[in-house]
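Biologist: I would like a close look at a single part of this model, explained slowly enough for a first-year student to follow.

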Amino acid sequence: MKSNTLVLILSFVFTLVVKQASAQPEVLNGPQIQFEKESHDYGSIENGANGDCVFTFKNTGNAPLVLENVKGSCSCTVPDWTKDPVLPGATGQITVHYDTKNAGPISKSVTISSNAVNEPMKVVRIKGNVLTAPVVKETAVEEEAH
């Protein structure tokens, strides 16, 4: 009786192991989005410097990918993106402009809504630190004019 139970348990475990080993990964049909990077670090950036960065993505799916909306987390973070459908295997871009007239730490997000079956809502991030603008002192020539 004990040997029959042991054989039955071993058979069950063997069957589970074989099924698990032969399981195929799920294949998603439709557009899929994959980013080259998901965050951008400006490091320390001068006040008033060019605050643009680019996020490049690829459609790794089998149908056209459409970015339905791309939105910055505040008015100082303004995205511009590929408006045309991105065909399978092709790439697109999201350019994010950050207003570097605001001194201090940067920690912002950009939310992407698309028809991607793997990630219909995706968030990418920017970070860094905008340096304080230098104080301009009046020169002797300007002081004499006053």
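Which residue in β8 is the bridge partner of isoleucine 106?

Modeller: The bridge partner of isoleucine 106 in β8 is glycine 128. Before we go further, please keep in mind that this is a predicted model, in which local features need pLDDT of at least 70 and side-chain atom pairs count only at pLDDT 80 or more, while totals for chains, interfaces and linings use all residues. Residues are numbered from 1 along each chain as its sequence is written, and side-chain values use heavy atoms, with hydrogens and water left out.

The chain has two helices and eight strands, where helices (H or I, at least four residues) and strands (E, at least two) are DSSP runs numbered from the N terminus. Read from the N terminus, their order is α-β-β-β-β-β-β-β-β-α.

Strand β8 has two partners to consider, and strands are said to pair if DSSP finds at least two bridges between them. β7 and β8 run antiparallel and are joined by 10 bridges, and together they form a hairpin with six residues between them. With β2, on the other hand, β8 pairs in the parallel sense over five bridges, and here serine 44 stands opposite asparagine 129 of β8.

The side chains of β8 follow a pattern that is worth tracing in the picture. In a regular strand the side chains alternate between the two faces of the sheet. In β8, Lys122, Val124, Ile126, Gly128 and Val130 point to one face and are buried, which means under 20% relative accessible area (exposed is over 50% and partly exposed lies in between, with a 1.4 Å probe and protein chains only). Met121, Val123, Arg125, Lys127 and Asn129 point to the other face and are not buried.

Let us now stay with isoleucine 126 from the buried face. Leaving aside neighbours within four places in sequence, isoleucine 126 is in contact (heavy atoms within 4.5 Å) with several residues, among them His40, Tyr42, Phe55, Val96 and Ile106. Isoleucine 126 also belongs to the largest nonpolar core, a term for a set of buried Ala, Val, Leu, Ile, Met, Phe, Trp, Tyr and Cys residues joined through side-chain atoms within 4.5 Å. Of its 23 residues, Phe35, Phe55, Phe57, Leu67, Ile94 and Ile126 touch the most other members. The elements that give two or more residues to this core include β2 (39-45), β7 (104-114) and β8 (121-130).

Two of these core residues bring us to the rings, which pair if the centres of Phe, Tyr or Trp (its six-membered ring) lie within 6.5 Å, with planes under 30 degrees apart counted as stacked, over 60 as edge-to-face and the rest as tilted. By this rule there is one aromatic pair. Phenylalanine 35 and phenylalanine 57 form this tilted pair, at 5.7 Å centre to centre and with 50° between the planes. The pair links distant parts of the chain, since phenylalanine 35 is in strand β1 and phenylalanine 57 in strand β3, 22 residues apart. Phenylalanine 35 has 10% relative accessibility and so counts as buried, and phenylalanine 57, with a relative accessible area of 1%, is buried too.

Finally, phenylalanine 55, another of those core residues, has the charged end of lysine 37 over its ring, 5.5 Å from the centre. A charge sits over a ring if NZ of Lys or CZ of Arg is within 6 Å of the ring centre and within 35 degrees of the ring normal.
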